[in-house]
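Here is a short briefing to read alongside the structure. Have the viewer open and follow the points in any order you like.

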Amino acid sequence: MATRAVHVTVTGAAGQIGYALVHRIAAGALLGPEQPVVLRLLEIEPAMGALEGVVMELEDGAHPLLEGIEPTSDLARAFDGASWCLLVGSVPRKAGMERRDLLSVNGGIFQPQGRAISEHAASDVRVLVVGNPCNTNCLIARSNAPDVPDERWFAMTRLDENRAKSQLAKKAGVPTRAVTNLAIWGNHSNTQFPDWVHARIDGQPVPDVIRDTDWLRGPFIETVQKRGAAVISARGASSAASAAHAAIESVRSIWQPTPAGEWHSLAVVSHGEYRVPEGLQCGYPVRSDGTAGEIVTGIEHDADAAARIKVSTDELVQERDEVRGLLG
Ligand code: NAX
């Protein structure tokens, strides 16, 4: 067993995703069964009572790998020495709120968090942003963290990848493990493009296995894009366990080498790849060598895919322009 505990920060730890996430981290799902962890849990003052309950349950788990729990509403303490920061906490969209309002309210959260990560986190810190709008929140935090390299920042598109894989597996009548190379391009919003063209089923291109192209171009894409809303209408609450699971898998796909020839979905900083404007936090296919992620290059898009990706990246440009005042 590794001797040094790794410090993991979870923000919004008393929320629904936070609640599902922290127990799995404590049980070793994030960093493996040999790696002790210290959990640093950030919440806002009004939620500190609920957070106390989360801490009690973590204690009641008697997790062998959990070496410490630090509940706090103080940013410096929350990020102190953290090697992984999972930024989940944010303010949900309320009735009557425009997307622009949501951007600025949440931007106000991610600006100080970016600064605090830059000042207090460990030198090897890596950050996954889950709180929505996650791409632009990640951009805001990253741009306010001058001491943390751009390549250490990720926004979550893995839940979309998993949703898409399940839909394809169901249609093809295969287990989900048969579906690989599913990239989510663009924004984690209903403009995202789940790339069925380059996904594979048992190593074969999806269009060679699922011949129903009308379904792929229409209902498949729409189901993935609108799955979050469908869960809300069925459950009366937004995705939580599946989102926590996707956060765990996102982190694992960064520190574990990607199998040869495959890729996963993460939103990472653009250096202009695939004509996406530089600096945006954009959904791409990403491979990891076990230490750093790298955008997969050389994928050719047909006109339909290229147009869809353009719509989604245009939306990211618009979001960036709306929060310009928050960028460092
Ligand atoms: P909840 O409302 O259950 O929990 C959010 C928690 O964040 C609350 O406990 C709140 O007190 C806390 N919080 C608010 N401001 C904070 C701050 N400044 N610092 C620390 N904590 C703060 O939401 P939940 O269902 O857990 O969802 C969390 C976020 O994940 C939302 O923004 C949601 O939209 C987003 N999602 C992102 C997904 C993705 O794929 N990227 C999918 C699932 C989810 O919708």
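**Briefing: from one exposed arginine to the whole fold**

At 78% relative accessibility, Arg275 counts as exposed, because that value lies over the 50% cut-off. Please keep in mind that this is a predicted model. The points below begin with the loop that holds Arg275, and then turn to the chain as a whole, a helix pair and two buried residues.

**The loop between S12 and S13**

- Arg275 sits in the loop that links S12 and S13, and its phi is positive, at about 60 degrees, although the residue is not a glycine.
- Tyr274 lies in the loop between strand S12 (264-269) and strand S13 (281-288).
- Tyr274 is not a glycine either, yet its phi is positive at about 55 degrees.

**The chain as a whole**

- The secondary structure comprises eleven helices and 14 strands.
- How does the radius of gyration of the chain compare with that of a compact globule? For 328 residues, such a globule would have a radius near 20 Å, and the chain has 19 Å, which agrees.
- Measured out along its principal axes, the C-alpha trace spans about 50 × 45 × 40 Å.
- Of the 328 residues in the chain, 52% are buried.
- Among contacts with a separation of 6 or more, 73% join residues that are 24 or more positions apart.
- The exposed area of the chain is about 14,000 Å², and carbon and sulfur atoms supply 51% of it.

**Helices H4 and H5, and the loop before H5**

- Helix H4 (residues 99-120) packs against helix H5 (residues 134-143) at an angle of about 35 degrees, and their axes are 7 Å apart.
- The crossing of these two helices is right-handed.
- On the H4 side, the contact is made by Leu103, Asn106, Gly107, Phe110, Gln111 and Gly114; on the H5 side, Thr136, Asn137, Ile140 and Ala141 take part.
- What is the make-up of the contact of H4 with H5 in nonpolar, polar and charged residues? Four are nonpolar, six are polar and none is charged.
- Pro133 belongs to the loop between strand S5 (126-129) and H5.
- The peptide bond that runs from Asn132 to Pro133 is cis, with omega near -5 degrees.

**Arg320 in H11**

- Arg320 is part of helix H11 (residues 303-322).
- Is Arg320 buried or exposed? Its relative accessible area is 18%, so Arg320 is buried, the cut-off being under 20%.
- Not counting residues up to four places away in sequence, Arg320 touches Leu139, Glu278, Leu280 and Leu327.

**Leu159 in H6**

- Leu159 is located in helix H6 (residues 158-172).
- With 8% relative accessibility, Leu159 counts as buried, because this value is under 20%.
- Which residues are in contact with Leu159, leaving aside its neighbours within four places in sequence? They are Ser239, Ser242, Ala243 and Ala246.
- Leu159 and Gly228 are 69 residues apart along the chain, and their C-alpha atoms are separated by 9.5 Å.

Notes: Residues numbered from 1 in each chain as written. Predicted model: local features only at pLDDT ≥ 70, side-chain atom pairs only at ≥ 80, totals over all residues. Heavy atoms only, no water. Axes fitted to C-alpha atoms, helices over the stretch in contact; angles between N-to-C directions. Helix = DSSP H or I, 4+ residues; strand = E, 2+ residues; numbered from the N terminus. Left-handed = near helix turned anticlockwise from the far one by under 90°. Contact = heavy atoms within 4.5 Å. Nonpolar A, V, L, I, M, F, W, Y, C, P; charged D, E, K, R; others polar. Rg over C-alpha atoms; globule rule 2.2 N^0.38 Å. Buried < 20%, exposed > 50% of the residue type's maximum accessible area, 1.4 Å probe, protein only. Areas by Shrake-Rupley, 256 points an atom, 1.4 Å probe, with all protein chains shown as cover.
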